[in-house]
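The following exercises are to be worked with the sequence and the coordinates at hand. Each task is followed by a solution in steps.

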Amino acid sequence: MIKIDKRAASALIWLLLLTMPYWLVWVHGYTALGTRVMVLSLAAMSLNFLLGFTGVLSFGHAAYFGLGVYGMGLTIKYLLPSTLAGMAVGVLAGFVAAAIIGALIVRLRGVYFAMVTIAFGQVFYFIAYRWNNVTGGDDGLSGWRRVPIDLGFTRVDILGNDKALYYLVLLCFAVAVTIMWALLGSPFGRTLLAIRENERRARFLGIPVDRHIWLSWVISCTFCSLAGTLYALLNNFADPHDLRWDQSGDFVIMAVLGGMRSFWGPLIGAAIFVVLQDYVSSQTQNWMSIIGLFFVLVVLFFPRGVLGILRRESAR
Amino acid sequence: MSLLRVESVSRRFGNLVAVDTVSMVVEPGELRAVIGPNGAGKTTFFNLISGFLKPTAGRIRFRDEDVTDVMPAKRVWLGMARTFQVTEIFPELSVGENLRIAVEVAAGYRLRPWVGRDADAALRARIDELLAMAKIADKRHRLAGELSHGDQRATEIMMALALKPQLLLLDEPTAGMGDQETYDITQLIRSLHRDHKLSIVLIEHDMRVVFHLADRIMVLAEGRMLAEGTPAEIAANEAVQAAYLGKAA
């Protein structure tokens, strides 16, 4: 294989994403499937900012994703019929929750950290699950729909036009991903790599490790809740399962499947996950066992994920 | 003003007293060696100075400031840098990136989301300077984890040096090295001390290295200070000879 030029690869990815609604139909896809890939990719890439580039495993990112989902749903249903307001509320909710919870747990490491992120995540799940008259409980929050965005000079009809919704999601994805990409190439981003590589050395270089992990956690969770708000728009629905720990597990699977050491890995992982889910679930109810098997094979034989394989081949 | 003043520090682990009321004063520009048989408490003593462990008794002053309860990162900000017995670097990053992180943190950029062009040029110049000093410039693009033991150690020392410390703490810098590597590292430490006037405290097993480098030597045995003096005084000290020979016998 020819050596992959990083810039060319990035340009190719952006080009494919920009044109996705048009080429998806050739491969028997549909626009909403592409939108789903983008939303879940954003969530998985946000998680990977923490997992792959700070070396901290969270099993509770669904909580912040779900806060985005419910922030959007509740805002449009009860507060203000505005998509942008829903986004602001969802992201703010995720940010505040992450900032507070992060401050409580940032001293923990490894399995202990992961366990506590699950525990806090389940708290939000049970609130959504039990608080029937506001959140709709186990039935989820329905009876609301995404609202076209009025920009004054023009109206973006994300309700009636699938492609408009896709491009709104792509715009949010692009902004979030560009910020994360820029951060990872900055001195701050390199302190995160330092923590991932060797926490003791990082500490004795004078990096206040806990504070930097907290920052990485808050950035990661906030972008994950942005993904949550978009997910609510896509489904016109808020499902309590979006908050649950198995949803967090799906994000981890996407990141690891695609390759958690590579920036674009989780995008590939999410695409594989969503497409397999879409295709296999039409054949059998047990689609998760197929994904599970695929995941096990990748982890056993290609611990660096799908992108890791490509990269190793290209390095030869 | 003394650079480092360790006042009767002790450290217990349960019933074991790893370090028992040890005091030490290091003057600016001094190269001090800490030696002693295995299990003498040298590394624990070092961990107390650098803040990796807290003493159960005693005080530590650095540049006239009481740092006994100050966290490691802040001791680094005050001008204390260290290396470890088992080299601690960033194995999956290149040598250049290892140094870049250290240089950026030293420049106070650790929270910056971007670097300007001028600042970037200054950082690069500093990295080049450090690479040249350790004679590892040809390895800057190699992954640090793939280097020889000696080059990894040199990288670690340069990362510590990038912080422009007032005091450099080296925990067995030549541990596990061959003759040539030991010689190279010894030369590097000597040049840091002689040419860059750096104050250094080092733990060392290799007596050739110690007597070659140190201005003063402190001997620990079973957690206590056995002797302190110039290399000549220590070589002539009967208690020290007994401690080492006694262990050997």
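**Exercise 1. The surroundings of strand β7 of chain B**

In this predicted model, β7(B) and strand β8 (residues 199-203) of chain B run parallel and are joined by five bridges. Determine which other strand is joined to β7(B), and establish whether the residues of β7(B) are buried or exposed.

Solution.
1. On the β8(B) side, B:D171 stands opposite B:I203.
2. Strand β6 (residues 80-82) of chain B is also joined to β7(B), through three bridges, and these two strands run parallel. Within this pairing, B:A81 has B:L168 as its bridge partner.
3. To count as buried, a residue needs 20 or more other C-beta atoms within 10 Å of its own. Five of the five residues of β7(B), which covers residues 167-171, are buried.
4. In a regular strand, side chains alternate between the two faces of the sheet. One side of β7(B) carries B:L167, B:L169 and B:D171, the other B:L168 and B:L170, and all of these are buried, so that both faces are covered.

**Exercise 2. A loop residue, B:T83**

Locate B:T83 relative to the elements of chain B, and explain why B:T83 counts as buried.

Solution.
1. B:T83 belongs to the loop between β6 and α3 (95-106) of chain B.
2. B:T83 has 26 C-beta neighbours inside 10 Å and therefore counts as buried.
3. When neighbours within four places in sequence are left aside, the contacts of B:T83 are B:E156, B:I157, B:A160, B:L170, B:D171 and B:P173.
4. B:L168 lies 85 residues from B:T83 along the chain, yet their C-alpha atoms are separated by 8.2 Å.

**Exercise 3. The hairpin and the overall form of chain B**

Describe the pairing of β1(B) with β2(B), then assess why the radius of gyration of chain B agrees with that of a compact globule.

Solution.
1. Strands β1 (residues 4-13) and β2 (residues 16-26) of chain B are antiparallel and share seven bridges. B:V6 is one of the residues involved, with B:M24 of β2(B) as its bridge partner.
2. Two residues lie between the strands of this hairpin, where B:G14 adopts a positive phi near 65°.
3. Chain B as a whole contains nine helices and ten strands.
4. A compact globule of 249 residues would have a radius of gyration near 18 Å; chain B has 18 Å, and therefore agrees.
5. The C-alpha trace of chain B spans about 60 × 40 × 35 Å along its principal axes, and 47% of the 249 residues count as buried.
6. Among contacts in chain B with a separation of 6 or more, 66% are between residues 24 or more positions apart.

**Exercise 4. Helix α3 of chain A and the interface**

Characterise α3(A), and state which helix of chain A gives the most to the side that touches chain B.

Solution.
1. Helix α3 of chain A (residues 31-54) has 24 residues and spans 33 Å from first to last C-alpha, close to the expected 34 Å.
2. A kink of about 40° is centred on A:N48.
3. Of the 24 residues of α3(A), 21 are buried. A:G55 follows the helix with a positive phi, near 75°.
4. At the interface, 19 residues of chain A are in contact with 25 residues of chain B. Helices α8 (162-184), α9 (187-197) and α10 (199-203) of chain A each supply at least two residues to the side touching chain B, and α9(A) gives the most, with seven.
5. The residues on that side of chain A comprise ten nonpolar, four polar and five charged.

Terms used
Residues numbered from 1 in each chain as written. Chains lettered and ligands numbered in written order. Predicted model: local features only at pLDDT ≥ 70, side-chain atom pairs only at ≥ 80, totals over all residues. Pairing = 2+ DSSP bridges. Helix = DSSP H or I, 4+ residues; strand = E, 2+ residues; numbered from the N terminus. Contact = placed C-beta atoms within 7 Å. Nonpolar A, V, L, I, M, F, W, Y, C, P; charged D, E, K, R; others polar. Expected span 1.5 Å × (residues − 1). Bend = angle between axes of the 7 residues up to and from the residue. Buried ≥ 20, exposed ≤ 12 C-beta atoms within 10 Å, placed from the backbone. Rg over C-alpha atoms; globule rule 2.2 N^0.38 Å.
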